[in-house]
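Please open the model in your viewer and keep the sequence panel beside it, since each stop on this tour begins with a selection. Colouring by secondary structure will make the stops easier to follow.

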Amino acid sequence: MHHHKFNDFPQDFLWGAASAAYQVEGGWDADGKGPSVWDRFTKLPGKTFEGSNGDVAVDHYHRMEEDVALMAEMGLKAYRFSVSWPRIYPTGRGEVNEAGLAFYEKLIDTLLAHQIEPVLTLYHWDLPQALQDEYGGWEDRRIIADFERYCVTLYQRFAGKVKYWVSLNEQNYNLTNAYQLGTHPPAVQDRKRFFAANHIAFLANARVIKAFRQHVPGGLIGPSFAYSPAYPASCDPKDMLAYENAEEFTNLWWLDAYCFGRYPQAALAYLRENGEAPEILPGDLELLREGTPDYIGVNYYYTLTYTDNPLGGQTMQRINTTGKKGTTPPSGIPGLYKTAPNPHLETSNWDWAIDPTGMRIALRRLSSRYGLPLMITENGLGEFDKLAAGDKVHDDYRIDYLRSHVKACQEALQDGVELLGYCAWSFTDILSWLNGYQKRYGFVYVERDEQGGSLRRLKKDSFFWYQTVISSGGKTL
């Protein structure tokens with residue numbers, strides 16, 4: 001739809017930026033922290049770009065006050081960060097590590113002192129290695145109680161200071177890589193185990209949301225979901241059915257479980273037919289319905305286009321982690337769908353479709369289906385930024401990307417979506433998981449590569465652009 005005019009962004013709109021503990025903190029064994037699955041996985045040969053890891057990352061653990069000062073200079077209204085579970089419980093349970101809690105309390109207090117709203121993510125993939133070793137992590141229901149104990153510890157400590165909480169970050173993306181593609185720990189390729197682990201993660205998510213209501217009155221909590229809206233490759237009915245299959249299997253499987261406490265009908269029937277459905281025990285669906293979210297966090301980067309995939313057709317393939325444009329192969333599930341290029345969209349060097357209209361579509365679809373407030377908890381462009389003369393970083397391509405996506409947020413607001421805020425990914429450059437340090441997302445350039453570096457912080461052109469956006473309340477894009 002085309003609008004005659006656009007209203008201003010709400011006065012209390014949360015103009016933010018985001019990060020995750022393993023990607024920024026470093027201090028991987030500092031002050032009593034235990035190892036996470038990523039601390040071990042990244043040390044295995046061939047798992048990440050040039051063997052990069054988060055042992056030091058960008059050293060936010062030791063430079064937190066410097067980083068928050070830069071956030072305050074930019075004028076951020078919100079900062080989304082994650083807590084490292086093994087920094088709080090080094091072995092996943094047992095005695096709490098007070099030094100870990102103290103670090104996050106200092107971060108929260110420093111943010112609040114600068115009038116920056118903390119948005120706390122409880123889990124951003126860094127499972128304690130001890131729990132993976134003991135019972136297989138997300139494949140065992142014992143993790144539900146351990147995760148609840150960890151989360152309640154944070155609720156009790158920070159209930160009076162943090163209003164916005166994220167339960168699980170990108171469960172869909174993380175567990176797809178962990179249990180289908182074999183590219184995240186524990187590096188398994190087994191669809192039955194994939195759906196089983198997801199079911200247990202849904203139960204854990206619901207349990208901690210249910211507990212949240214007891215411990216954080218007035219707070220808001222919800223998962224962050226990596227939403228890539230499905231498009232059909234054409235109006236051929238076969239492509240339309242493939243698009244329906246993809247939307248149900250890659251998006252609604254998670255979102256319906258989170259928000260409705262049930263699985264999509266056709267997808268569940270298909271999994272039962274193929275012997276891949278999770279075991280649903282008495283009481284499971286009741287728990288899911290008791291732990292539905294207050295809002296949905298939306299991590300939006302790109303849309304995906306789908307076409308028909310016959311039985312015996314295209315299987316799942318790994319994504320581009322090198323930044324060599326055009327190297328992403330088609331990927332699919334035989335009998336359901338496979339990906340196809342979208343000729344109407346440009347792509348990044350990592351072959352991610354650049355589609356701001358897709359963000360508007362995502363927000364409208366979610367708002368209409370679930371009737372919940374939304375928050376953009378991640379959106380950004382990873383590229384090869386270069387340090388130019390005079391310590392300048394000219395990232396006009398990032399400004400263009402962010403401007404178009406912020407405009408899509410404004411359009412979605414005009415369409416009737418209740419949007420709480422926009423947290424760009426990311427504030428500083430980070431370790432981009434399998435992609436290493438070469439893939440940069442930040443408003444702040446961090447001088448380091450896979451071999452290390454000075455870790456100097458340098459403001460990119462996009463820093464000053466976003467500073468202006470925030471100070472104008474979104475009026476100057």
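The tour below goes through a predicted model, moving from helix to helix and then to some rings and backbone details.

**Stop 1: helix α8 and what surrounds it**

Begin by selecting helix α8, residues 171–181, which is mostly covered, with 10 of its 11 residues buried. Those buried positions are Q171, N172, N174, L175, T176, N177, A178, Y179, Q180 and L181. If you then show the surroundings, you will find that the cover over the buried residues of α8 includes the strands β3 (117–123), β4 (164–169), β5 (220–226) and β9 (332–333), together with the helices α9 and α10. Directly after α8 comes G182, which has a positive phi near 75°. Follow the chain a little further, into the loop between α8 and α9, and select P186; the peptide bond that leads from P185 to P186 is cis, with omega near 10°.

**Stop 2: α9 against α10**

Two packed helices are described by the angle between their axes and the distance between the axes. Select α9, residues 191–215, along with α10, and look at how they pack, at an angle of about 30° and with their axes 10 Å apart. This angle makes α9 roughly parallel to α10, and the crossing of the two helices is right-handed. To see the contact itself, display the side chains of F194, F195, N198, F202 and N205 in α9, which meet W253, W254, A257 and Y258 in α10.

**Stop 3: a cluster of rings**

Keep that view and add rings: F194, F195, F202, F225, Y227, W253, W254, Y258 and Y263 are linked by ring pairs into a cluster. The model as a whole has 42 aromatic pairs. One of them is the pair of W253 and Y263, which is stacked, at 4.1 Å centre to centre and with 10° between the planes. W253 belongs to helix α10 (residues 237–260), whereas Y263 lies in the loop between α10 and α11 (265–273), so that 10 residues separate the two partners. Are these two residues, W253 and Y263, buried or exposed? Both W253 and Y263 are buried.

Now select Y302 and W352, a tilted aromatic pair that is 4.9 Å centre to centre, with 55° between the planes. Because Y302 lies in the loop between β7 (296–299) and β8 (304–307), and W352 in the loop between β10 (337–340) and α13 (356–370), the pair ties together parts that are 50 residues apart in sequence. Y302 counts as buried, at 14% relative accessibility.

**Stop 4: charges over rings**

Two further selections show a lysine placed over an aromatic ring. Select K43 with W28, where the lysine lies over the face of the tryptophan at 5.1 Å from the ring centre. Then select K407 with F6, where the charged end of K407 sits over the ring of F6, 4.1 Å from its centre.

**Stop 5: α13 against α14**

Next, select α13 and α14, which pack at an angle of about 30° with their axes 8 Å apart. That makes α13 roughly parallel to α14, and their crossing is right-handed. The contact is made by P356, M359, R360 and L363 of α13, and by S404, H405, A408, C409, E411 and A412 of α14.

While α14 (residues 396–414) is in view, pick out Y397, which lies in this helix. Y397 is partly exposed, with a relative accessible area of 33%. Apart from its neighbours within four places in sequence, Y397 is in contact with L381, E383, F384 and D385. A distance drawn from C-alpha to C-alpha between Y397 and L413, which are 16 residues apart in sequence, comes to 25 Å.

**Stop 6: backbone details in loops**

Finish with the backbone, starting at D59, which lies in the loop between α2 (37–41) and α3 (60–74). Its phi is near 60°, a positive value in a residue other than glycine, and D59 is buried, with a relative accessible area of 13%. Then move to L455, in the loop between β13 and β14 (457–459). L455 has a positive phi of about 65° although it is not a glycine, and at 8% relative accessibility L455 counts as buried. For the last selection, take S426, in the loop between β12 (419–425) and β13 (444–446), where the peptide bond from W425 to S426 is cis, with omega near 5°.

Definitions and conventions
Residues numbered from 1 in each chain as written. Predicted model: local features only at pLDDT ≥ 70, side-chain atom pairs only at ≥ 80, totals over all residues. Heavy atoms only, no water. Phe/Tyr/Trp six-rings, centres within 6.5 Å; stacked < 30°, edge-to-face > 60°. Helix = DSSP H or I, 4+ residues; strand = E, 2+ residues; numbered from the N terminus. Buried < 20%, exposed > 50% of the residue type's maximum accessible area, 1.4 Å probe, protein only. Lys NZ or Arg CZ within 6 Å of the ring centre and 35° of its normal. Axes fitted to C-alpha atoms, helices over the stretch in contact; angles between N-to-C directions. Parallel < 35°, antiparallel > 145°, perpendicular 65-115°, else oblique. Left-handed = near helix turned anticlockwise from the far one by under 90°. Contact = heavy atoms within 4.5 Å.
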